[in-house]
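Trainee: Could we go through this model step by step, from the overall fold to single residues?

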Amino acid sequence: MKYVCDVCGWEYDEEEGYPEGGIAPGTKWEDVPEDFECPLCNVGKNQFSEVE
């Protein structure tokens, strides 16, 4: 699954993870820490929407 930031459009792909931010490839969105912030605009995890 992929999740996109509602504010700036940055995309989190579960397959790719976010290694630069310490999130390993294959990490499910629900396993991403609750204090995760968008690396581009710094909004919280609650500002992301699931996309197909």
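The questions and answers below concern a predicted model.

Trainee: Which pattern does the chain follow along the sequence?
Mentor: The chain has zero helices and three strands. With strands as the elements to list, reading along the sequence gives the pattern β-β-β.

Trainee: What is the radius of gyration of the chain, and how does the globule rule bear on it?
Mentor: The C-alpha atoms fill a box of roughly 25 × 25 × 15 Å along the principal axes. For 52 residues the globule rule gives 10 Å, and the chain comes close to that, so it is as compact as a globular protein of that length. The radius of gyration of the chain is 10 Å.

Trainee: What share of the exposed area do carbon and sulfur atoms supply?
Mentor: Of the 52 residues, 35% count as buried. The area that the chain exposes is about 3,400 Å². The share from carbon and sulfur atoms is 43%.

Trainee: In which order do the strands lie in the sheet?
Mentor: The three strands form an open sheet with antiparallel pairing. Its edge strands are β2 and β3, each of which pairs on one side only. Neighbouring strands are turned by 25 degrees against each other on average, direction ignored. The order across the sheet is β2-β1-β3.

Trainee: How many bridges join β1 to β3?
Mentor: Strand β1 covers residues 2-5 and runs antiparallel to β3. One of the residues involved is Tyr3, whose bridge partner in β3 is Glu50. Lys2 stands opposite Val51 in β3. The number of bridges joining β1 to β3 is four.

Trainee: Which residue of β2 stands opposite Lys2?
Mentor: β1 and β2 also run antiparallel, and three bridges join them. On this side of β1, the residue opposite Lys2 is Asp13.

Trainee: Which residue in the turn of the hairpin has a positive phi?
Mentor: The hairpin is formed by β1 and β2, with five residues between them. A phi of about 95 degrees is found in this turn, and the residue that has it is Gly9.

Trainee: How many disulfides does the count come to?
Mentor: A disulfide needs two cysteine sulfur atoms within 2.5 Å. The sulfur of Cys5 has its closest cysteine sulfur in Cys41 at 3.6 Å, which is too far for a bond. Cys38 is in no disulfide either, as the nearest cysteine sulfur, that of Cys8, is 3.6 Å away. The count comes to zero.

Trainee: Is Cys38 buried or exposed?
Mentor: Buried means under 20% relative accessible area. Cys5, at 3% relative accessibility, falls under that cut-off and counts as buried. The value for Cys38 is 0%, so Cys38 is buried.

Trainee: Why does Thr27 count as buried?
Mentor: Thr27 lies in the loop between β2 (11-13) and β3 (48-51). Leaving aside neighbours within four places in sequence, Thr27 is in contact with Tyr12, Glu14 and Val32. Buried requires a value under 20%. Thr27 meets this because its relative accessible area is 17%.

Trainee: What percentage of the contacts with a separation of 6 or more comes from residues 24 or more positions apart?
Mentor: The contacts considered here are those in the chain with a separation of 6 or more. Within that set, residues 24 or more positions apart account for 40%.

Note on methods:
Residues numbered from 1 in each chain as written. Predicted model: local features only at pLDDT ≥ 70, side-chain atom pairs only at ≥ 80, totals over all residues. Heavy atoms only, no water. Helix = DSSP H or I, 4+ residues; strand = E, 2+ residues; numbered from the N terminus. Buried < 20%, exposed > 50% of the residue type's maximum accessible area, 1.4 Å probe, protein only. Contact = heavy atoms within 4.5 Å. Rg over C-alpha atoms; globule rule 2.2 N^0.38 Å. Areas by Shrake-Rupley, 256 points an atom, 1.4 Å probe, with all protein chains shown as cover. Pairing = 2+ DSSP bridges. Axes fitted to C-alpha atoms, helices over the stretch in contact; angles between N-to-C directions.
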